[in-house]
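Trainee: I have a new structure open and I'd like to walk through it with you. Could you help me read it?
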Amino acid sequence: IKPCPILPPFHEATTVVLAPASCPKPDRLRRGLEELGTLGFVPEVDNNMGQVKLDFELAGSDEHRFEALFGALTSVSGDLILLARGGYGCGRLMERLWRERDSIATALLRKPKLLVGFSDATQLLSFFVFHLQYRAIHGPVVAGRFADTLSANERRSLDHALLQGQEKQIEVDSDFDGVVNGVVFGGNLSI
């Protein structure tokens, strides 16, 4: 797996915020964007996000959500892609992402990105990690934890993950004697 790109300082990183699944509530999105600003992020927001709500309150048609995600992944700009929220809808993009995986992988070789999402975005994160061989972070979404204001511990953790690319060592109590090394991949699905 290719290492997590070390991002420039937040005020220099190009941060794209998009919603490939459910539509974020406008007040939570606004609060989340404000919190990003206090951290030094200057996000570029998909202005069409949520303009056309379809079944299950998706943030636009499958075509629009795919184009926004594909555009962010293949753009020559952008360092960080933060999802506005999780929720149903990511699975509807997976077949097309799979068909476009070679062009996405080629674009990521030219301009590495880091993808951060949560909840049903697990499908996107898994695709990013297991099929494109890039690291992703199962972490806060803009209209989620960012909207609630991150705790000091969450800010430190995010700083370590985004700016320093640090992996977290996890110790687990067990009846097993010895050392086990492996990958812990966070996520959840409600489909």
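Trainee: To start somewhere specific, which residues does Thr74 touch, not counting residues up to four places away in sequence?

Mentor: Thr74 touches Ser103, Ile104, Ala107 and Arg110, where contact means heavy atoms within 4.5 Å. Before we go on, please keep in mind that this is a predicted model, in which local features need pLDDT of at least 70 and side-chain atom pairs count only at pLDDT 80 or more, while totals for chains, interfaces and linings use all residues. Residues are numbered from 1 along each chain as its sequence is written, and side-chain values use heavy atoms, with hydrogens and water left out.

Trainee: Okay, and where is Thr74 found?

Mentor: Thr74 belongs to helix α2; helices (H or I, at least four residues) and strands (E, at least two) are DSSP runs, numbered from the N terminus. Along the chain, Thr74 and Lys113 are 39 residues apart, yet their C-alpha atoms are separated by 9.2 Å.

Trainee: How do the axes of α2 and α4 cross?

Mentor: The axes of helix α2 (residues 62-74) and helix α4 (residues 101-110) come within 8 Å, crossing at roughly 40 degrees. Here axes are lines fitted to C-alpha atoms, for helices over the stretch in contact, and angles run from 0 to 180 degrees between N-to-C directions. That crossing makes α2 oblique to α4, since angles under 35 degrees count as roughly parallel, over 145 as roughly antiparallel, 65 to 115 as roughly perpendicular and the rest as oblique.

Trainee: Which residues make that contact?

Mentor: On the α2 side they are Phe70, Leu73 and Thr74, and on the α4 side they are Ser103, Ile104, Ala107, Leu108 and Arg110. Sorted by class, the contact has five nonpolar, two polar and one charged residues, where Ala, Val, Leu, Ile, Met, Phe, Trp, Tyr, Cys and Pro count as nonpolar, Asp, Glu, Lys and Arg as charged, and the others, Gly among them, as polar.

Trainee: Which residues of α2 are buried?

Mentor: They are His64, Arg65, Phe66, Ala68, Leu69, Phe70, Ala72 and Leu73; buried means under 20% relative accessible area, exposed over 50%, and partly exposed in between (1.4 Å probe, protein chains only). These buried residues of α2 pack against β1 (14-18), β3 (80-83), α3 (94-99), α4 and α5 (122-131).

Trainee: There's an arginine in that list, so why does Arg65 count as buried?

Mentor: Arg65 counts as buried because its relative accessibility is 1%. Leaving aside neighbours within four places in sequence, Arg65 is in contact with Ala19, Pro20, Ala21, Leu58, Ala59, Gly60, Gly89, Arg92 and Leu93.

Trainee: Let me switch to β3. What is Leu83 in contact with, leaving aside its neighbours within four places in sequence?

Mentor: Leu83, which is found in strand β3, is in contact with Leu18, Pro20, Leu115, Val116, Gly117, Ala121, Leu124, Val141 and Val142. At 0% relative accessibility, Leu83 counts as buried.

Trainee: And α5, is it mostly covered or mostly open?

Mentor: Helix α5 is mostly covered, with eight of its 10 residues buried, including Leu124, Leu125, Phe127 and Phe128. The buried residues of α5 pack against α2, β3, α3, α4, β4 and β5.

Trainee: What comes after α5, and what is the sign of its phi?

Mentor: Helix α5 is followed by Gln133, whose phi is positive, near 65 degrees. Most residues other than glycine have a negative phi. Gln133 lies in the loop between α5 and β5 (136-138), and at 32% relative accessibility Gln133 counts as partly exposed. Ser119 also has a phi near 65 degrees, a positive value in a residue other than glycine, and Ser119 lies in the loop between β4 (114-117) and α5. With a relative accessible area of 19%, Ser119 is buried.

Trainee: Last topic: how many helices and strands are there, and where is confidence lowest?

Mentor: The protein has six helices and five strands, and from the N terminus on its elements run β-α-β-α-β-α-α-β-α-β-α. The average pLDDT, which is the predictor's confidence in each residue, from 0 to 100, is 81, and 79% of the residues score at least 70. Confidence is lowest in helix α6 (residues 152-163), at a mean of 77, and highest in α3, at 95.
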